Each structure stands twice: as structure tokens, then as C-alpha cells.
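Me: I'd like to go through this model with you, starting with charged pairs and then moving on to the core and the backbone. Could you keep the answers plain?

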Amino acid sequence: MTGEKIQKRKGIVHINHEYCKRCGICVNFCPVKNLEIQQQKLVELHRCIACKMCQRYCPDIAIEIEEVDEKTVGTGKSSHRNGG
């Protein structure tokens, strides 16, 4: 048994680049360092935990978080089975 804990992605960050002024506030508030400004553009690094801190503090309302079911994130397929 390992003590290693793998954190699954729980959210998808939708960035409206027309509204984003790349102020970096969201980058500073993200507890998992999911956002970066690269080449004058805000980018997501695919490790969102859906805490919505970036969305809450964005002064330009340029970020929206979509919460995802962690079972569907890895495969992109729905894992719902009703057993019937």
C-alpha cells in the first residue's frame, strides 16, 4: 500500500479571452496552480479542483468553472450503468 495520493481533476476552466485582461489575480488565488499566463494568454493546466476561487475573484468575469464527475474525466466516457 502506498501513501501516494493522486488528485483527480474536478473542474474545467472556461476562459473568455475577450474579457480576460491577464491581470493574474486568478493565478494568485488558485490553490493548485492550475492557471498560468503564457505568452500573454491565460491557460489552464488541467488540474482544477473546482474550488471556484478564480471565478469568484476575476474582476472581468472572464472565468467560469464547469464541475465534472471525476469518473468521466479520465476516459471522457460516461460510466453510468444501471445494471439493468
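Reply: What follows is a short exchange about salt bridges, the nonpolar core and a few single residues.

Me: Before that, what kind of model is this, and what do the values rest on?

Reply: This is a predicted model, in which local features need pLDDT of at least 70, side-chain atom pairs count only at pLDDT 80 or more, and totals for chains, interfaces and linings use all residues. Residues are numbered from 1 along each chain as its sequence is written, and side-chain values use heavy atoms, with hydrogens and water left out.

Me: OK, how many salt bridges does the count come to?

Reply: The count comes to 3 salt bridges, where a salt bridge is a side-chain nitrogen of Lys or Arg within 4 Å of a carboxyl oxygen of Asp or Glu.

Me: Which residue does glutamate 44 pair with?

Reply: Glutamate 44 forms a salt bridge with arginine 9, and the closest N and O atoms are 3.1 Å apart. This pair links distant parts of the chain, since glutamate 44 sits in strand S3 (residues 41–44) and arginine 9 in the segment before strand S1 (11–15), 35 residues apart. Helices (H or I, at least four residues) and strands (E, at least two) are DSSP runs, numbered from the N terminus.

Me: And are those two buried or exposed?

Reply: Glutamate 44 and arginine 9 are both buried. The classes go by relative accessible area, with buried under 20%, exposed over 50% and partly exposed in between (1.4 Å probe, protein chains only).

Me: What about lysine 21, where is its partner?

Reply: Lysine 21 meets aspartate 60 in a salt bridge, at 3.3 Å from N to O. Lysine 21 is in the loop between S1 and helix H1 (25–29), while aspartate 60 is in the loop between helix H2 (53–57) and strand S4 (63–67), 39 residues apart. Lysine 21 is exposed, at 61% relative accessible area, whereas aspartate 60 counts as buried because its relative accessibility is 18%.

Me: And the remaining pair?

Reply: Glutamate 67 and lysine 52 meet through their side chains in a salt bridge, 3.2 Å from N to O. Glutamate 67 belongs to strand S4 and lysine 52 to the loop between S3 and H2, 15 residues apart. Glutamate 67 has a relative accessible area of 54%, so it is exposed, and lysine 52, at 27%, is partly exposed.

Me: Switching topic, which residues touch the most other members of the largest nonpolar core?

Reply: That core has 13 residues, and Val13, Leu35, Leu42, Ile63 and Ile65 touch the most other members. S1 and S4 are the elements that give two or more residues to this core. A nonpolar core here is a set of buried Ala, Val, Leu, Ile, Met, Phe, Trp, Tyr and Cys residues joined through side-chain atoms within 4.5 Å.

Me: What does valine 13 touch?

Reply: Leaving out residues up to four places away in sequence, valine 13 touches Asn34, Leu35, Glu44, Cys48, Ile63, Glu64 and Ile65, contact meaning heavy atoms within 4.5 Å.

Me: Now the backbone: which non-glycine residue in the loop between S3 and H2 has a positive phi?

Reply: Histidine 46, in the loop between S3 and H2, has a phi near 65 degrees, and it counts as exposed because its relative accessibility is 52%. Isoleucine 61 also is not a glycine and has a positive phi of about 50 degrees; isoleucine 61 lies in the loop between H2 and S4 and is exposed at 68%.
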